[in-house]
Amino acid sequence: MNAYGVGVDISMVHAWEAGEYRPTEDELFALADVLWCRTKDLMGIESPRTLTEHRLVRQFSTDRLARSIGMDTAQYERDEETNSWSGDGRQTTALLRVLDLTPLRLAQATGQPVAPRPGIPRQSRPTWSRDGSR
């Protein structure tokens with residue numbers, strides 16, 4: 001992990017293994033790279049549920065993600081802390097792309113109600129007469 005710029009001594013590794021300490025984001029990302037595994041495997045989750053988990057699975061720091069979507073880092077961090085989403089349309093589109101989310105998954109991850117899709121107007125069926133003409 002030192003090669004990845006994250007200095008960790010053996011006592012820290014033992015603390016992780018014993019469940020006494022959780023790795024920081026940088027440590028988690030470096031550990032996943034060193035072990036050639038996914039961060040979600042190290043996190044012990046089947047699939048990400050929160051905005052934070054989605055970000056960690058994609059190995060983004062809050063600062064890097066905020067810059068990637070054109071949002072103030074403090075605002076993005078508040079959104080994660082409050083489990084909400086306050087981004088505008090452009091930021092939302094960028095977030096969906098960067099984290100590989102669907103709008104539904106974003107709504108689920110932030111606890112937001114899913115907006116109903118506008119109904120598709122029904123086309124009227126042609127009426128046929130008994131002789132087969134319209």
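Leaving aside neighbours within four places in sequence, Leu-65 is in contact with Arg-55, Phe-60, Tyr-76, Leu-95, Val-98 and Leu-99. Like everything described here, these contacts belong to a predicted model.

Leu-65 is also one of the residues that touch the most other members of the largest nonpolar core, a set of 15 residues in which Ile-69, Tyr-76, Trp-85, Leu-95 and Leu-99 share that distinction. Two helices, α5 (62–69) and α7 (89–98), each supply at least two residues of this core, and the largest share, four residues, comes from α7. Apart from this core lies another, of five residues, which include Val-6, Trp-16, Ala-30 and Leu-31. As a general background, nonpolar side chains in soluble globular proteins tend to be buried together.

The chain around these cores has eight helices and zero strands, so that its elements, read from the N terminus on, run α-α-α-α-α-α-α-α. Of its 134 residues, 33% count as buried, while the chain exposes about 9500 Å², of which carbon and sulfur atoms supply 51%. Among the contacts with a separation of 6 or more, 43% are accounted for by residues 24 or more positions apart.

Aromatic side chains deserve a separate look. A search of the whole structure finds one aromatic pair: the ring centres of Tyr-76 and Trp-85 are 6.4 Å apart and the planes stand at 70 degrees, so the pair is edge-to-face. Both partners are core residues already named; Tyr-76 counts as buried because its relative accessibility is 0%, and Trp-85, with a relative accessible area of 15%, is buried as well, since the cut-off for that class is under 20%. Elsewhere, Arg-64 lies over the face of Phe-60, at 4.1 Å from the ring centre, and Phe-60 is itself one of the contacts of Leu-65.

Two loop residues have an unusual backbone angle, given that most residues other than glycine have a negative phi. Asn-83, which is not a glycine, has a positive phi of about 55 degrees, and this residue lies in the loop between α6 (73–82) and α7. Asp-100, also a residue other than glycine, has a positive phi near 55 degrees, and its place is in the loop between α7 and α8 (103–110).

The table sets out the accessibility of four residues discussed above.

| Residue | Relative accessibility | Class |
|---|---|---|
| Tyr-76 | 0% | buried |
| Trp-85 | 15% | buried |
| Asn-83 | 33% | partly exposed |
| Asp-100 | 57% | exposed |

Definitions and conventions
Residues numbered from 1 in each chain as written. Predicted model: local features only at pLDDT ≥ 70, side-chain atom pairs only at ≥ 80, totals over all residues. Heavy atoms only, no water. Core = buried A, V, L, I, M, F, W, Y, C linked by side-chain atoms within 4.5 Å. Buried < 20%, exposed > 50% of the residue type's maximum accessible area, 1.4 Å probe, protein only. Contact = heavy atoms within 4.5 Å. Areas by Shrake-Rupley, 256 points an atom, 1.4 Å probe, with all protein chains shown as cover. Phe/Tyr/Trp six-rings, centres within 6.5 Å; stacked < 30°, edge-to-face > 60°. Lys NZ or Arg CZ within 6 Å of the ring centre and 35° of its normal.
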